[in-house]
There are 2 protein chains.
Amino acid sequence: MGLTLRQMRYFAALAKERHFGRAAEAAHISQPALSAQILDLEQTLGVRLVERKRNGILLTRDGEEVLQQVSSILEQVERLEGLRRSSSGMLDGLVRIGIIPTVAPYLVPKLVPCLRELSASLGLELKEAVTDRLIIDLQDGKLDAVIAALPVQGDGLETVSLFTDRFFMAIANNAEAVLMSPLTETQVDVDRLLLLEEGHCLREQALSVCGTAGKRSLVNFGATSMTTLLQMVSHDMGMTLIPEMAIPTETARNDIRIVPFADPAPSREIGLIWRRSSGRRDEMKALAEAISGCAPANR
Amino acid sequence: MGLTLRQMRYFAALAKERHFGRAAEAAHISQPALSAQILDLEQTLGVRLVERKRNGILLTRDGEEVLQQVSSILEQVERLEGLRRSSSGMLDGLVRIGIIPTVAPYLVPKLVPCLRELSASLGLELKEAVTDRLIIDLQDGKLDAVIAALPVQGDGLETVSLFTDRFFMAIANNAEAVLMSPLTETQVDVDRLLLLEEGHCLREQALSVCGTAGKRSLVNFGATSMTTLLQMVSHDMGMTLIPEMAIPTETARNDIRIVPFADPAPSREIGLIWRRSSGRRDEMKALAEAISGCAPANR
DNA sequence: TTAGTCCCATAGGAAATTCCGATCGAAAGT
DNA sequence: ACTTTCGATCGGAATTTCCTATGGGACTAA
């Protein structure tokens, strides 16, 4: 076939010992075995590498040249060989996590210090995008895990729940409309419901919660983020569904009123998703544990 | 044992095709064979390299890293493999030749253009030293061939004659001593015989020619070169043996008289010497041919 | 659900490579 | 000539690699 590491290793030994017998001993093989491999190497290279002399050998000029290259190769191989990951504890190296936009701003600030505490040798790389995009990237191997609202569909994915995030309604403090608390879906003025743009799962969830499955001709500004949405709310342009985890951040100003829903309060389930084939099930479970251990405490 | 090129080649194929079946095909082996080698590689490295998915595979981050190294190694190996000397015509590459001091100055000027004409792709590296030194270097592989006066002794050497170089006597034009021409050895005033320093074969040859095998208490200035020697001659400090090939160069000035010996004229045999084990017998024969073809024409 | 498909892993035996011990042959030294 | 040294060669054993056939998981399509 052509050129094996075995041949190179033996050749290197021979070049070092300058003697077939001793080189064979150093390589822990018999002299004929080494002899044959060297012969083979010479043949495949089409070059005489060593000069057989009475007292040992001498490298030909070609041999010297080849030795250079072989040494370099062996060195590199050795470096590669020394790579054996001790497959130490879980959560090592770089982990790339994708997070949906209606979770990221509220979770990330808690998540980062929390995970860094879990493992100092953990590199985080975060990406924010809508669920579909994240799932594609996950399946393409561009991400290691995704944090999104369940359920999520896609081939070869595995999922674990992180926490439940209840929904509330947000309305301007000085709103004309008055909402009873607790709220029932019938009270929602669908025409005044503000939504995120297409693609955000929260948009669909809001529509679902407010029982507007049918009538789809509603005012639809298509905001880009929760923050934008709530800015619109505070200007009394309407009302919007807000996840519990977003409340502390988004309602720091006091011009928004949060109205709870009547039991059973609607909610979304935030989960961690990864490729089943990644074989990192245990790591992911540990990661999920860490996340849910710090996330709900964001009050 | 650990890490073979085979594994790396298969891994590279797999990384390229991202599919075991296709990679196996590309590598001209069966899918299980490839599978096994990849498994082996993963085991020896102690790292999961690929993620097996329903539709093909995905490299893990470790896999990407390993691929980098593997590619580099394979590239280097390929470069090495492409080294196969076409073992083209003889006399290629660099040839290191050692020449004794009483030949070099007169032969080299002819030799260099002559050999360059023989083969354009021939690199010459010349070294001048006394025979013993040259032979040691030859045996150590520091030289490829030696041009010296025969016979030469040393293990594992092979020899071919280049040409015969007759001896003459050189004496000052206005010398007090008068020499009959042709000369017989009895006419030589041994006390006035000038010699090169120890180590030069010409010194011994001169002593031998002049029949001074026994009496060794002669004026012995120990000159470093023929040129020095002849300068001494021209100042009538004595006479010296001069090889025919040195005459044109050394007697350009007209203050030296060259006196031939009576038949049979004494001479030295200049030959080419190389290691039998070099396996370059044919090249050496060709080289010798080239040298003797240009050398005697130095008149 | 059930059958079908895709894809990689495993199993078992065949083929190729590599290895060893014994021996040969060339080159020097005694 | 006799011995020593050292690499090459030989024949068969041990190991590695390979192939075909099959298994088994994960989706898909009835």
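**Exercise 1. A salt bridge in chain A**

With which residue does Asp165(A) form a salt bridge, and how far apart are the closest N and O atoms? Place both partners in the chain and state whether they are buried or exposed.

*Solution.* The model is a predicted one.

Step 1. The partner of Asp165(A) is Arg268(A), and the closest N and O atoms are 3.1 Å apart.

Step 2. Asp165(A) belongs to strand S6 (residues 157–172) of chain A and Arg268(A) to strand S9 (residues 267–275) of chain A, so the salt bridge ties together parts that are 103 residues apart in sequence.

Step 3. Buried means under 20% relative accessible area. Asp165(A), at 2% relative accessibility, counts as buried, and Arg268(A), at 2%, counts as buried too.

**Exercise 2. Two further salt bridges**

Describe the pairs Arg166(A) with Glu244(A) and Arg52(B) with Glu42(B).

*Solution.* Step 1. Arg166(A) and Glu244(A) meet through their side chains in a salt bridge of 3.0 Å, N to O. Arg166(A) sits in strand S6 of chain A, whereas Glu244(A) sits in the loop between strand S7 (240–243) and helix H9 (247–250) of chain A, so this pair ties together parts that are 78 residues apart in sequence. Arg166(A) is partly exposed, with a relative accessible area of 39%, while Glu244(A) is buried, at 13%.

Step 2. In chain B, the closest N and O atoms of the salt bridge between Arg52(B) and Glu42(B) are 3.1 Å apart. Arg52(B) lies in strand S1 (residues 50–53) and Glu42(B) in helix H3 of chain B, 10 residues apart. Arg52(B) counts as partly exposed at 29% relative accessibility, and Glu42(B) as buried at 6%.

Step 3. For the whole structure, a search finds 33 salt bridges over all chains. One network of salt bridges links Arg61(A), Arg96(B), Asp144(B), Arg280(B) and Glu283(B).

**Exercise 3. The surface near DNA strand C**

How many residues surround DNA strand C, and which are the closest?

*Solution.* Step 1. DNA strand C is surrounded by 23 residues, the closest being Tyr10(A), Ser30(A), Ser35(B), Arg52(B) and Asp155(B). They divide into 8 nonpolar, 9 polar and 6 charged.

Step 2. Sugar or phosphate accounts for 78% of the strand C atoms within 4 Å of the protein, and bases for the rest.

Step 3. At the backbone, a polar side-chain atom of Asp155(B) lies 2.5 Å from a phosphate oxygen of DNA strand C. At a base, an N or O atom in the side chain of Gln31(B) is 3.1 Å from a nitrogen of DNA strand C.

Step 4. The largest share of this surface, 4 residues, comes from H3(B).

**Exercise 4. The surface near DNA strand D**

Which residues are closest to DNA strand D, and which side chains reach its phosphate oxygens or bases?

*Solution.* Step 1. Among the 23 residues that surround DNA strand D, the closest are Ser35(A), Arg52(A), Gly156(A), Tyr10(B) and Ser30(B).

Step 2. A polar side-chain atom of Tyr10(B) lies 2.5 Å from a phosphate oxygen of DNA strand D. For Asp155(A), a side-chain N or O atom is 3.1 Å from a phosphate oxygen of this strand. Gln31(A) places a polar side-chain atom 2.9 Å from a base nitrogen of DNA strand D.

Step 3. H3(A) gives the largest share of this surface, 4 residues.

**Exercise 5. The largest nonpolar core**

How many residues has the largest nonpolar core, and which have the most contacts inside it?

*Solution.* Step 1. This core has 69 residues, and Ile147(B), Met169(B) and Leu272(B) have the most contacts inside it.

Step 2. Strand S6 (residues 157–172) of chain B gives the most to this core, with 9 residues.

Note on methods. Residues are numbered from 1 along each chain as its sequence is written. Chains are lettered from A and ligands numbered from 1 in the order in which they are written. This is a predicted model: local features need pLDDT of at least 70, side-chain atom pairs count only at pLDDT 80 or more; totals for chains, interfaces and linings use all residues. Side-chain values use heavy atoms; hydrogens and water are left out. A residue is near a molecule or strand if one of its heavy atoms lies within 4 Å of it. A polar contact is a pair of N or O atoms within 3.5 Å; within protein, one must be able to donate a hydrogen and the other to accept it, and residues adjacent in sequence count only if both atoms are side-chain atoms. Helices (H or I, at least four residues) and strands (E, at least two) are DSSP runs, numbered from the N terminus. Ala, Val, Leu, Ile, Met, Phe, Trp, Tyr, Cys and Pro count as nonpolar, Asp, Glu, Lys and Arg as charged, and the others, Gly among them, as polar. A nonpolar core is a set of buried Ala, Val, Leu, Ile, Met, Phe, Trp, Tyr and Cys residues joined through side-chain atoms within 4.5 Å. Buried means under 20% relative accessible area, exposed over 50%, partly exposed in between (1.4 Å probe, protein chains only). A salt bridge is a side-chain nitrogen of Lys or Arg within 4 Å of a carboxyl oxygen of Asp or Glu.
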